[in-house]
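Colleague: Got a minute to walk me through this one? I'd like to start with the ligand.
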Amino acid sequence: MDENWYFDEEKNSSEKEVVGYAAVVLSKEFFEEGVRNILIQTGVSVLIFLVVSMLTIFLIIQKITEPLRKLILAIRKREGKTEHPSDLKVLTETYSSMVDDLERSFQTITELNEGLEEKVKCRTLQLTKANNKLYQRQEKLKRSNTHLLEALRRLKETQEQLIQKEKLAAMGQLVAGVAHELNNTVNFISGALPSLHRSLDEMKEIFARYAKFEKARPIKEKLFYGDLFFTIDQLVGNIEEGATRTTRIVRDLKIFSRQDVEKIIPVDVHTVIDSTVNYVDKQLLKNVTIRRDYGSLPLVHCLPGRMGQVFLNIINNGIEAMDGTGQLTIKTEHRNEYVHIIFSDTGCGIHAHDMPNIFDPFFTNKEVGQGTGLGLGISYSIIRQHGGDIKVESNVGNGSVFKIIFPVSPIEVSEDKMLSGEAF
Ligand SMILES: Nc1ncnc2c1ncn2[C@@H]1O[C@H](COP(=O)(O)OP(=O)(O)OP(=O)(O)O)[C@@H](O)[C@H]1O
Ligand SMILES: [Mg+2]
C-alpha cells in the first residue's frame with residue numbers, strides 16, 4: 001500500500017498545512033499480472049507483425065525477382081541447361097555469358113556492317129555498270145531504230161523505183177512493137193509523098209493545058225477548078241505534117257524503148273542546158289523568165305542528144321505549167337560523184353493523186369493533140385539508162401521542182417547503189 005500527503009499549493013511552505021489525507025490501496029499481484037499480460041500481448045503482436053512483415057517482404061522479393069528468374073531460366077534453357085537456377089552464381093554466370101554473347105553479337109554486327117558497306121559499294125558499282133550498259137544498249141537500239149527507219153524509207157523508194165521500172169519495161173516492149181509498126185506505115189507515107197508531089201505537079205500542068213480548051217469548061221465548073229488544086233495542096237500538106245509528127249512520135253517511142261542509141265561522150269551539162277533553152281519555143285515563153293544558177297560541174301559522160309531531150313521535156317512542162325507568166329530556175333551543183341540539175345517552176349503544181357502517174361507513158365493532163373504524155377516517161381527512161389534518177393516535189397498552186405541526179409561517170413549503171421539509195 002502506498003501512502004501520500006497532499007498540501008494546499010497556493011500557500012508557501014511555512015504556511016503549508018495539511019488539508020487532507022487520502023490513501024490508495026492497490027494489490028501488487030494484480031498489478032504485476034496486468035503488466036505481464038501487457039508484455040505478452042505486445043510480444044505476440046510484435047511476433048505477428050514480424051511474421052507478416054517477413055511474409056510480405058518475401059512475397060515482394062518473389063514478385064520482383066520473378067521476371068529475373070524467368071529470364072535466367074530462359075537463358076539457361078537456350079544454353080541447354082535445364083537445372084533451376086538456385087543462387088546468385090548462376091545469375092552472375094548468366095550475366096557474364098550474356099555480356100560475352102552481346103560482345104560477340106556486337107562484333108558480328110560490326111563485321112557484318114563493314115561487309116555490308118563493302119557489299120553495298122560493290123553492288124552499287126555493279127548496278128552503275130549495268131545501268132551504263134543498259135544506257136549504251138538503249139542508245140544502240142535508238143541508232144538501229146533510226147537505221148531501220150532509214151532502210152525502210154530506202155526500201156519504199158526502191159520498191160517504187162522497181163514498180164516504175166517494171167511498168168516501163170512492160171510498156172517498153174509494147175511501145176517497141178507499136179513503134180515498129182508505126183515506123184513502117186509512116187515510112188510508107190513519107191516515102192510516097194515526094195512521088196505524090198511530082199504526080200500532082202504533072203497533073204496540074206496537064207489540067208492547066210486542058211483547061212484552055214472550050215470543051216473543058218463544064219468539067220472545070222463541076223470540079224471547082226480554081227479551088228481544086230488549092231484543096232489538094234492543103235490536104236497533102238496535112239498529110240505531110242501528120243507524117244512528120246508521126247515520125248517524131250516514132251522517134252520518141254524508139255528512145256523510150258531504147259532502140260535508138262547514140263554514143264556516150266564527156267559533156268558539159270551547162271552547154272547542153274543552154275542550147276536546149278535556145279531551142280524552147282519563144283511563143284510559149286511569153287512572160288516566163290528563165291534564171292540560171294550554175295555551180296561548178298565536171299564533164300559528165302552521157303548521150304548529149306538524149307540529155308537535151310530530157311531537159312527540153314522538163315523545161316517545156318514547167319513553162320506550160322506557168323501558163324505564160326512565172327519563173328523557171330535551173331540550178332546545178334556537184335555532190336560526191338553526182339551532178340544535180342534542179343528545175344523549179346512557179347506553175348500550177350501537180351496534184352498528189354497524179355504524182356504516182358506522171359512518169360507513166362501516155363499519162364497527160366493536156367488536151368488531145370497538145371501532149372502525148374510521153375515526155376516524162378522518156379526522160380525517166382533516159383536518166384535511168386545513164387544510172388541516174390529523177391525526184392519530184394510539188395505544191396499545188398505554188399509550183400514544182402524536178403531534180404535530176406546524174407552520175408558523173410555513168411552507164412556502168414550503178415543499179416546496186418541506186419537501189420540502196422547510197423548514191424544520193
Ligand atoms: N512542171 C510541171 N508542172 C505541173 N504539171 C506537170 C509538170 N510536169 C509534168 N506535169 C504533169 O505531168 C503530165 C505528164 O507530163 P509529160 O511530160 O509526160 O507529158 P505531157 O507534157 O502531157 O505531154 P508531152 O510531154 O508528150 O508533150 C503533164 O500532162 C502534166 O499534167
Ligand atoms: Mg511534157
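Modeller: Sure. A term first: a polar contact is a pair of N or O atoms within 3.5 Å; within protein, one must be able to donate a hydrogen and the other to accept it, and residues adjacent in sequence count only if both atoms are side-chain atoms. This is a predicted model, where local features need pLDDT of at least 70, side-chain atom pairs count only at pLDDT 80 or more, and totals for chains, interfaces and linings use all residues. Residues are numbered from 1 along each chain as its sequence is written, and side-chain values use heavy atoms, with hydrogens and water left out.

Colleague: OK, which polar side-chain atoms lie by an oxygen atom of ligand 1?
Modeller: One from Asn-317, 2.8 Å away, and one from Thr-372, at 2.5 Å. Gly-373 has a backbone N or O atom 3.1 Å from a ligand 1 oxygen.

Colleague: And how much of ligand 1 does the protein bury?
Modeller: 90% of the 590 Å² that ligand 1 exposes taken alone (Shrake-Rupley areas, 1.4 Å probe).

Colleague: How many residues surround ligand 1?
Modeller: 19, with Lys-366 and Leu-376 among the closest; to count, a residue needs a heavy atom within 4 Å. The shell has seven nonpolar, 10 polar and two charged residues, with Gly counted as polar.

Colleague: Which helix gives the largest share of that shell?
Modeller: H7, with three residues. Helices here are DSSP runs (H or I) of at least four residues.

Colleague: Switching topic, what does UniProt list for residues 38–61?
Modeller: The unreviewed entry has "transmembrane region" there; such annotations may be inferred rather than shown by experiment. In the model, residues 38–61 are 100% helix, with end C-alpha atoms 34 Å apart.

Note on methods
Chains lettered and ligands numbered in written order. Helix = DSSP H or I, 4+ residues; strand = E, 2+ residues; numbered from the N terminus.
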